[in-house]
Amino acid sequence: MPTPDGLRGRALPVAPVLVLFIAIVAANLAVMAIILVPPMVGRTSPLAREVPPGVDAERRAAEAAIVGGIDGSVTDDGVSTRTYDRVVRVVSWVFLLTTTAIVAATGLWPETQPAIFVLLAFAGLFVVIVHDLLPPDTLGPAKFIVEGSVAITVATLLVALTGGAASPFFFAFPLIVGGAALVVSPAITVALAAAASIGYVLAVLTGSAAGTLGPAAAATVGVNLTALILLSYVAMVIARAQRRTRDAAIRLSTVDSLTGLFNRTFFFAAIDREIARSARSGRGFCLLMMDLDELKAINDRVGHFHGDRVLRGVGDVITQGVRQIDTAARYGGDEFVVLLPETDPTGAFVLAEKIRLGVHAMAVDLPSGSPEPSMSIGVVAYPDDGRTADELIISADGAMYASKRAGKDRVTGVPMQSERPATPV
């Protein structure tokens, strides 16, 4: 039986493939230099995705942990890095081992078979280095770009070495771009799709046997490129919908709907992470616990509608007063807490006083005869006032009730003897 044209018995021209190899390697080195060199000299990589203002990696990890029980850090789009690494490992090794077996068993490319095996070995070594040897956060957000660039390089050379237009390995391109669309931004997905399209065209031009680039080959390439672009678009749309759904789930799970502050569950996840970070860095932090003094009286005299308006106003005052790195939460019905990373007690007292005065000045139109809202605030510091979340909360609670016993509407640190009054039975 005659062998298919472009698969066996046609030696590839060495010069075009060599030029393609050199060009692709140079392009990859340039991309990696653009990504990796700026952080080494204290600058931001131009290809790294910027984090939205007020949102840091630790906060995204805490949000994801609350929603999905994710253990470890997350990508910019909320995908667990541990999950990402596992998926990439499985897909990469299945592809590499299957391709190796097909090339060895069929013998369709005898002239280029040694080069194919070298290419696959290089790809396997890259997977081992990036996903097993390097720490997960070494490359940061640039990891996806580096991996995508290397994957497209491997796919381009593989298609060029296995017949160009006649190669059965075109599917590697949509696999790379479609998978990347699930974890990177649409802009990076478009860039990867463009790079994959260019790589495929170059592989066809340099890898196809002489005399095979006719109308049939052109039609095949056109259909393949159309499929690549459409699959990239579908993957981007699906990924965008998943991100919106995840963001909605995070908001429902971590944010108090009345005040817009974080809820109690998120606060405890945040304080545990801050304790762990402070234990590593040796830098302390502070915690504010606040009680809205007259909420019960407001609810009793003018109704819960106006009480809710006061709560929303207090939430706005706290939100406007804290920094982006702080975590403000509604702890209970009329109690609020603020976590202040890398803040000393002096700075915490300044913020607490700012919030107290802001509650006095907030524009909430209450009916005549309604009590004026005020805040009793307690300030504690880690590790002096507690080394665990429970100890800090107990200390903060004592400081807050010391403010209330002293006449309310004031800021107090941990008193020498802070015993909360016994609750009448």
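**View 1. Lys-408 sits in the loop between α13 and β5.** This close-up comes from a predicted model. The thing to look at here is the backbone: Lys-408 has a positive phi of about 70 degrees, even though this residue is not a glycine. For context, most residues other than glycine have a negative phi.

**View 2. A cis peptide bond joins Tyr-382 and Pro-383.** Omega for this bond is about 5 degrees. Tyr-382 is in strand β4, which covers residues 375-382, and Pro-383 lies in the loop that runs between β4 and α13 (389-405). Most peptide bonds, by contrast, are trans.

**View 3. Five strands make an open sheet with mixed pairing.** Reading across, the order is β2-β3-β1-β4-β5. Which strands stand at the edges? They are β2 (327-330) and β5 (411-412); each has a single partner strand, so one side of each is left without a neighbour in the sheet. Strands of a sheet pair through backbone hydrogen bonds, in either a parallel or an antiparallel way.

**View 4. Zooming in on the sheet, β1 and β3 run antiparallel.** Seven bridges join β1 (residues 285-292) to β3 (residues 335-341). If you want a spot to get your bearings, find Met-290, which stands opposite Phe-336 in β3.

**View 5. Helix α12 lies across four of the strands: β1, β3, β4 and β5.** The helix takes in residues 345-361 and runs at about 165 degrees to β4.

**View 6. Helices α10 and α11 cross at roughly 145 degrees.** Their axes come within 7 Å; α10 is residues 295-302 and α11 is residues 304-321. On the α10 side, the residues that meet α11 are Leu-295, Ile-298, Asn-299 and Val-302. Their counterparts in α11 are His-304, His-306, Gly-307, Val-310 and Leu-311. Sorted by type, the residues of this contact come out as five nonpolar, four polar and no charged.

**View 7. The largest pocket holds about 910 Å³ of space.** Its lining is made of 35 residues, and those nearest the centre are Tyr-84, Val-88, Ile-176, Gly-179 and Ala-180. Which helix gives the most to the lining? That would be α3, with eight residues. Helices α3 (81-106), α4 (113-133), α5 (143-161), α6 (172-181) and α8 (215-254) each supply at least two. By type, the lining divides into 24 nonpolar, seven polar and four charged residues.

**View 8. Two stretches, 47-55 and 417-425, have pLDDT under 50.** The chain as a whole averages a pLDDT of 80, and 77% of the residues score at least 70. Residues 47-55 still have 16 contacts beyond four places in sequence in the model. Residues 417-425 have eight contacts beyond near neighbours in sequence. Where pLDDT is low, the predicted coordinates should not be read in detail.

Key
Residues are numbered from 1 along each chain as its sequence is written. This is a predicted model: local features need pLDDT of at least 70, side-chain atom pairs count only at pLDDT 80 or more; totals for chains, interfaces and linings use all residues. Side-chain values use heavy atoms; hydrogens and water are left out. On a 1 Å grid over the protein atoms alone, a cavity is a set of points where a 1.4 Å probe fits but cannot get out, and a pocket is an open set with protein on both sides within 12 Å along at least five of seven lines; lining residues have an atom within 4 Å of a point. Grid points are joined across faces, edges and corners, and a volume is the space filled by probe spheres set on the points. Ala, Val, Leu, Ile, Met, Phe, Trp, Tyr, Cys and Pro count as nonpolar, Asp, Glu, Lys and Arg as charged, and the others, Gly among them, as polar. pLDDT is the predictor's confidence in each residue, from 0 to 100. Contact means heavy atoms within 4.5 Å. Axes are lines fitted to C-alpha atoms, for helices over the stretch in contact, and angles run from 0 to 180 degrees between N-to-C directions. Two strands pair if DSSP finds at least two bridges between them.
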